[in-house]
Amino acid sequence: MFGSLCTNPDKPSVVLAGIGLALIAAVKGYRCIITMPEKMSMEKADVLRALGAEIVRTPTSACFDSPESHLGVAWELKNTIPNSHILDQYRNPSNPLAHYDTTAEEILEQCDGKVDMLVVGTGTGGTLTGVARKLKERCPSVKIVAVDPEGSVLLGSEENDENKKNSFEVEGIGYDFIPTVLDKSLVDMWYKSNDKEAFIMSRKLIREEGLLCGGSSGSVMAAAVTMAQQLKEGQRCVVILADSVRNYMSKFLSDRWMCEKGFLTPEAPMDHQPWWWKRTVQCLHLSVPLTISLSVTCQKTIEILKEKTFDQAPVTDESGGILGSVTLGTLLSSLLSGKLIPSDPICKVLCKNFRPVHLTDDLGKLSHILKNEHFALVVHDHTQYKADGSASQMQKLLAVVTEIDLLSYITTHEEQDSASLESSLF
């Protein structure tokens, strides 16, 4: 999250560090501009707006060095707004120094100067670098465990580089670049966490321990449960839970959101379980979908959708890999706002946030998705091997499923099942 702070109330300026800076700006009367990826929760944006900050959303898929990323947009703002500043927690040496002087000292005081293992999430690297550096000085045998989500490149292994473009839902840790303040030489062991274990553990900490923590805390605790098994009886493991649940009320705290993301299995209604609940998507017998190439123009796409009477279509590459989707609603709003012209390629309005389901997923899960989405993409996980022997994972499109497909199946087969039952009774 990048933002902007104004050192003169009459003049604008740009900085970074989210809610903390927005708090300072509110007290001091500075202007604050926050740039943040679209995946960041609405709760964060609402708190920032309440503090008077201006929000600029950027594409989650934009690489860190892209002009469209939250970093790129922040620097562009700094270059165009007079008297503006970016504190830059990714390169500012005061970031790890603050944790070296304060956080680490607090840990040592509470642990009587004895720590055998530290498990900490890796975001900017400031907390890890500052605390680990002080602990290494005071407790030379301490083991530092850094937690990095799958899809992040902070670990920097060949395996992780292969997954460089993968996305992850957990916020606060993991990046697609290496922050300057991160000193990886201090790390003894790395732990690659995944979204599911992170959010399941966060919910467990809330329910069983009364700790109202966020997703990155769940990642760290999941790592600690595994890594602390290496310790002997009596040794101490410190775990830093760096976020609260306040910013994630509409995300992992919601059963619906967890089910939509595939992290929980949706439960059937308490009073009864519909006959179709456990049947699979494969039962729908969906047809091969219409797809759009990335180079097709908006005008041509509109004509195709109109001719086929569709209001959306998936966009794929030459190998059949899914790039996203395009909808008539998005096209209309973008054309009306002047963000594009009919001759622009469809890539300018590509929506990369689609709901994937597999043929083996049950209709109960699909019904939860279609409560909030007009359609879902039926996908097949495909491993693609390259000439150098390396392999990458990709999703290939099998079909598009809509509310009508599910409703048609339920109503048609319900009539058939009723007819079969009646004939068997007489």
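How many helices and strands make up the secondary structure of the protein chain? There are 13 helices and 16 strands. Keep in mind as you explore that this is a predicted model.

Let's begin with the chain as a whole. Of its 426 residues, 45% are buried. The protein chain exposes about 22200 Å², and carbon and sulfur atoms supply 53% of that area. Among contacts between residues at least 6 apart in sequence, 65% join residues at least 24 apart.

Now for the charged side chains. Side chains of opposite charge can pair when their charged atoms come close. Here the count comes to 17 salt bridges, including those in this table.

| Salt bridge | Closest N to O |
|---|---|
| Arg138 and Glu105 | 2.9 Å |
| Lys192 and Asp148 | 2.8 Å |
| Glu373 and Arg355 | 3.6 Å |

Take the salt bridge between Arg138 and Glu105. Arg138 lies in helix α5 and Glu105 in helix α4, so the pair ties together parts that are 33 residues apart in sequence. Arg138 is partly exposed at 47% relative accessibility, and Glu105 is partly exposed at 26%.

Lys192 and Asp148 also form a salt bridge. This pair links strand β9, home of Lys192, with strand β8, home of Asp148, across 44 residues. Lys192 is partly exposed, with a relative accessible area of 24%, whereas Asp148 is buried at 0%.

The salt bridge of Glu373 with Arg355 brings in two loops: Glu373 sits between α12 and β15, and Arg355 between α11 and β14, 18 residues apart. Glu373 is partly exposed at 29%, while Arg355 is buried at 16%. Elsewhere, salt bridges that share partners join Lys44, Glu171 and Lys251 into one network.

Definitions and conventions: Residues are numbered from 1 along each chain as its sequence is written. This is a predicted model: local features need pLDDT of at least 70, side-chain atom pairs count only at pLDDT 80 or more; totals for chains, interfaces and linings use all residues. Side-chain values use heavy atoms; hydrogens and water are left out. Helices (H or I, at least four residues) and strands (E, at least two) are DSSP runs, numbered from the N terminus. Buried means under 20% relative accessible area, exposed over 50%, partly exposed in between (1.4 Å probe, protein chains only). Contact means heavy atoms within 4.5 Å. Accessible areas come from the Shrake-Rupley method with a 1.4 Å probe; for residues, only the protein chains shown count as cover. A salt bridge is a side-chain nitrogen of Lys or Arg within 4 Å of a carboxyl oxygen of Asp or Glu.
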